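Please look over the sequence and the model below. The report then starts with the ligand site and moves on to the core, one helix and two loop residues.

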Amino acid sequence: MIKIKEKTKAKEMSEEQEKLKERLSHIRHTIMVMSGKGGVGKSTVAANLAAALARQGYAVGVLDGDMHGPNIPLIMGVEGRPLMGDEEGNMLPVEVYKNLSLVSVGNLLQNRDQPVVWRGPVKHTMMRHFLANVKWGELDFLVVDLPPGTGDEPLSIAQLISQAQAGITPYALVVTTPQDVALLDSRKSVEFARTLNLKLLGIIENMSSFSCPHCGHAIDLFKQGGGERAATELGVPFLGAIPIDPNVVRDTDNGKPFMLYAMGCAAGMSFQRIVEKIMKMF
Ligand SMILES: Nc1ncnc2c1ncn2[C@@H]1O[C@H](COP(=O)(O)OP(=O)(O)OP(=O)(O)O)[C@@H](O)[C@H]1O
Ligand SMILES: [Mg+2]
């Protein structure tokens, strides 16, 4: 009896693995946005990178890998839109814009205040489920927003993708602020990415400086230049700096990624240069 159960489980596992392989064969590149530190702008960068790529005509999916703090639905303006399924049992991503869709645990929750209380293995199963069962269609890019740190989520996602795509490892993008305490954690992310053999696109310094709207004087709230110094020391590309821009706060709260709706703002112009640098790497 136990042997039959084990055989059935093994069969189910190998079917799921085949499904995962098949699904990932329709995704050309995966970019994991990570940082050792919380609140440095990972979700902002992930959402706006996806928006910028979609605006250029690429087919883009966003996978919200932050299961305890799923912010992507709010940032992309689709909070409260439930994830739907089709008759064949596939999960359908929520459409944000033409060529741009997303999947987040946030779109599974009954209300925005509901906490997700899952341990590591449940989160791994959920991520595998998302990767194997979401019907994205053909994607040029899958952008993954990660929670802070080097724990379960980045590990699960990187391993699931690398195993299913037979050694094709995802790309990693590290976000930091210039402050020493953020840099210390972000350097860990670089080492983490190296340990997992992820392809490092580079480091982005966010919240780099703030220009006074009255006199234009630049104030370095979190210091400046640390991201570039860390990139040089660690031997990874420095992709650029994004200033602190009140437009980002407003657009984020309104669910309108600035790379779709307000590219001309200070953050948008810096971000555009970063996107151009990234695109040269593909
Ligand atoms: N360049 C910027 N200018 C102004 N505000 C910004 C900028 N980048 C991010 N923010 C704001 O900072 C806050 C944190 O950003 P975000 O949620 O993207 O960080 P995070 O690294 O994903 O956080 P967490 O670790 O909690 O997932 C948000 O309120 C966001 O709107
Ligand atoms: Mg986040």
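The shell around ligand 1 has 9 nonpolar, 10 polar and 3 charged residues. Here Ala, Val, Leu, Ile, Met, Phe, Trp, Tyr, Cys and Pro count as nonpolar, Asp, Glu, Lys and Arg as charged, and the others, Gly among them, as polar. Of the 22 residues around ligand 1, Gly38, Gly41, Lys42, Ser43 and Thr44 come nearest. A residue is near a molecule if its C-beta atom, placed from the backbone, lies within 6 Å of it. Elements giving two or more residues to this shell are α2, β9 (199-211), β11 (238-244) and α8 (246-253). Helices (H or I, at least four residues) and strands (E, at least two) are DSSP runs, numbered from the N terminus.

This is a predicted model: local features need pLDDT of at least 70, side-chain atom pairs count only at pLDDT 80 or more, and totals for chains, interfaces and linings use all residues. Residues are numbered from 1 along each chain as its sequence is written, and chains are lettered from A and ligands numbered from 1 in the order in which they are written.

pLDDT is the predictor's confidence in each residue, from 0 to 100. The protein chain averages 89, and 96% of the residues score at least 70. Among its elements, helix α1 (residues 2-24) has the lowest mean pLDDT, 77, and α2 the highest, 97. Where pLDDT is low, the predicted coordinates should not be read in detail.

The largest nonpolar core has 74 residues. Such a core is a set of buried Ala, Val, Leu, Ile, Met, Phe, Trp, Tyr and Cys residues joined through C-beta atoms within 7 Å. Helix α2 (residues 42-55) gives the most to this core, with 9 residues. Met32 is among the residues with the most contacts inside the core. Not counting residues up to four places away in sequence, Met32 touches Val144, Leu146 and Ile157, among others. Contact means C-beta atoms, placed from the backbone, within 7 Å.

Of the 14 residues in α2, 13 are buried. A residue is buried if 20 or more other C-beta atoms lie within 10 Å of its own, exposed if 12 or fewer, and partly exposed in between, with C-beta atoms placed from the backbone. Just after α2, Gly57 takes a positive phi of about 100°.

Two residues other than glycine also have positive phi.

| Residue | Phi | Loop | Other C-beta atoms within 10 Å |
|---|---|---|---|
| Asn99 | about 70° | between β5 (94-97) and β6 (100-103) | 20, buried |
| Asn197 | near 60° | between α6 (180-195) and β9 | 11, exposed |

How values were computed:
Contact = placed C-beta atoms within 7 Å.
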